[in-house]
Every structure is written in structure tokens, then in C-alpha cells.
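Colleague: I'd like a close look at a single part of this model. Could you walk me through one helix and what sits around it?
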Amino acid sequence: MTHRLGSPTGTPTASASSAGPRATALAALRAPVLRPTRPALGALEAYERAVLRDARLDARILTDVVGTAVPTDLLRTPVQRARALAALVPRGAVVGGEAALWVHTGGRAPSSLALIIPSRQGRGPGTVVYRGSVPPCDVVTLGGLRCLGLARAVVDLARTAAPARAVEVVLTARSLGLNSTELHLALTRCRGAACRGRPRARRIIEALVPSAQP
């Protein structure tokens, strides 16, 4: 039996009045349940991403950062990008490689993390750990994340990335205003195992980046 809960003018009908508590209970069940909402201020949980999945919409509003979906609006500044990585980095580690460059410059988000850490602790899925230390002058802290400064991140990739990528990274540094002196100084601080690839990085820098003005 269908209960009519009210007339269009808002005056209860006889059937609704006779239904009494039962009609009230049905109205409560049929009414939409409004729950408090809050804006997304961080990475989305799996259950949140599953609520209204739409591949086209996801691609426009979410960015995959080392396997975690983060609202793209929260990745506009270096501090925001650093915060997106902070929870993935163990205490004492320094983020390097493509992830460090991404923190400073944006662009395509990293799919993995390169961590520089005194021990092998912290290895996990999507993470490569390099044992060693970095001079304090080559480390910056943004949004609670310790990562390589821009010049050191650039020269590390100039040393180790594929040739085309190494050139691209140095050109990015030039477009951001870094000069050859800054890059050469960062390169001289690459010691021990980090010496690998220094000659190639030096050649790329000398070919592409003008010297600082006297």
C-alpha cells in the first residue's frame, strides 16, 4: 500500500493523517541523508576514490604521486608538493632524483622515490635507497620534507639520468635562472659514490648554461 505523505499545498490528507507514526517513519526513510562534508586537504583514501569513480574526471582532478592519488589543486607550489611526499619518507632521509626536482619545478609527478639515507632502512615499494649523506648546504626543508636543493638535484640527474633527460634537466635549470657557477659548485660537492658521471654533467653544463656575470 502506498502512503501519500502530503498534498501539493502542504495540507495533510486524510490518509496521511490516519497513517500517523507509520507515515512519519516512511518519510524519514525516504528523505535524503545529509552528512557533513569537508574539502579534500590531502591524499584521498581508497574508499573515497571509489565513491564516484570516473576515469575522465579522475584524470583531470587527481595526480598520481608515487602511487597515491592527490588532488591536483594541492600540488601547485613547492611546499604543497613536498607535503604530498612527506608521509612517504622515513625520518632522516633526504629526497633526491626526479622527486626532488619535481618538488622544486612541478611538471610530471614522480612514480618512485630516490632516498639518500645513512642506512638501508626505509626501503619499500616504489623506493630506491642510496646509502650516504649530503652536505647540509645541498639540503632544503619544505613542508616538513628534507630534499635536495634545486642545483644539487639538477647536477645529480645530469650525472645519472639518460642523456636526453640529463640535457633536459640542465635546460630546465637554465630557464629557472641557475648559472653555471651554482651548478659547478653543486657538482664539486658530489663525493664518493656520487662522483659517477661528473665529467658528463660538467660538459653538459658548460655547453648549455652561461657563466655568472662578474
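Which residues of α7 are buried?

Modeller: Sure, bearing in mind that this is a predicted model. In α7, the buried residues are Leu150, Ala151, Arg152, Ala153, Val154, Val155, Asp156, Leu157, Ala158 and Arg159. That is 10 of the 11 residues in the helix, so α7 counts as mostly covered, with "buried" here meaning under 20% relative accessible area. For the protein chain as a whole, buried residues make up 35% of the 214 residues.

As for what does the covering, the list includes the helices α6, α8 (163-175), α9 (180-188) and α10 (198-208), along with the strand β7 (145-148). For context, the chain has 10 helices and 7 strands.

Let's take α6 from that list. A packed pair of helices is described by the angle between the axes and the distance between them. For α6 and α7 (residues 150-160), the axes cross at roughly 140 degrees and come within 9 Å. The two helices are therefore oblique to each other, and their crossing is left-handed. On the α7 side, Leu150, Ala153, Val154 and Leu157 meet Gly97, Glu98, Ala100, Leu101, His104 and Thr105 of α6. Sorted by class, that contact has 6 nonpolar, 3 polar and 1 charged residues. The general rule for an α-helix is 3.6 residues a turn, so residues three or four places apart point the same way.

Now follow α6 (residues 97-105) to another partner, α5 (residues 78-86): their axes are 7 Å apart, and the packing angle is about 145 degrees. Pro78, Arg81, Ala82 and Leu85 make the contact from α5, while α6 supplies Ala99, Trp102, Val103, His104 and Thr105. By class, this one has 6 nonpolar, 2 polar and 1 charged residues. His104 and Thr105 also appear in the contact with α7.

Back at α7, Arg152, one of its buried residues, leads to a loop residue, Asp138. Asp138 sits in the loop between β5 (127-131) and β6 (139-142). With 4% relative accessibility, Asp138 is itself counted as buried. Setting aside neighbours within four places in sequence, Asp138 is in contact with Arg152, Cys147, Leu148, Gly149 and Arg189. With Arg189 there is a polar contact, side chain to side chain, at 2.8 Å.

One last number for the wider picture: of the contacts in the chain between residues at least 6 apart in sequence, 56% join residues at least 24 apart.

Terms used:
Residues are numbered from 1 along each chain as its sequence is written. This is a predicted model: local features need pLDDT of at least 70, side-chain atom pairs count only at pLDDT 80 or more; totals for chains, interfaces and linings use all residues. Side-chain values use heavy atoms; hydrogens and water are left out. Axes are lines fitted to C-alpha atoms, for helices over the stretch in contact, and angles run from 0 to 180 degrees between N-to-C directions. Helices (H or I, at least four residues) and strands (E, at least two) are DSSP runs, numbered from the N terminus. Contact means heavy atoms within 4.5 Å. Ala, Val, Leu, Ile, Met, Phe, Trp, Tyr, Cys and Pro count as nonpolar, Asp, Glu, Lys and Arg as charged, and the others, Gly among them, as polar. Angles under 35 degrees count as roughly parallel, over 145 as roughly antiparallel, 65 to 115 as roughly perpendicular and the rest as oblique. A crossing is left-handed if the near helix is turned anticlockwise from the far one by less than a right angle, and right-handed if clockwise. Buried means under 20% relative accessible area, exposed over 50%, partly exposed in between (1.4 Å probe, protein chains only). A polar contact is a pair of N or O atoms within 3.5 Å; within protein, one must be able to donate a hydrogen and the other to accept it, and residues adjacent in sequence count only if both atoms are side-chain atoms.
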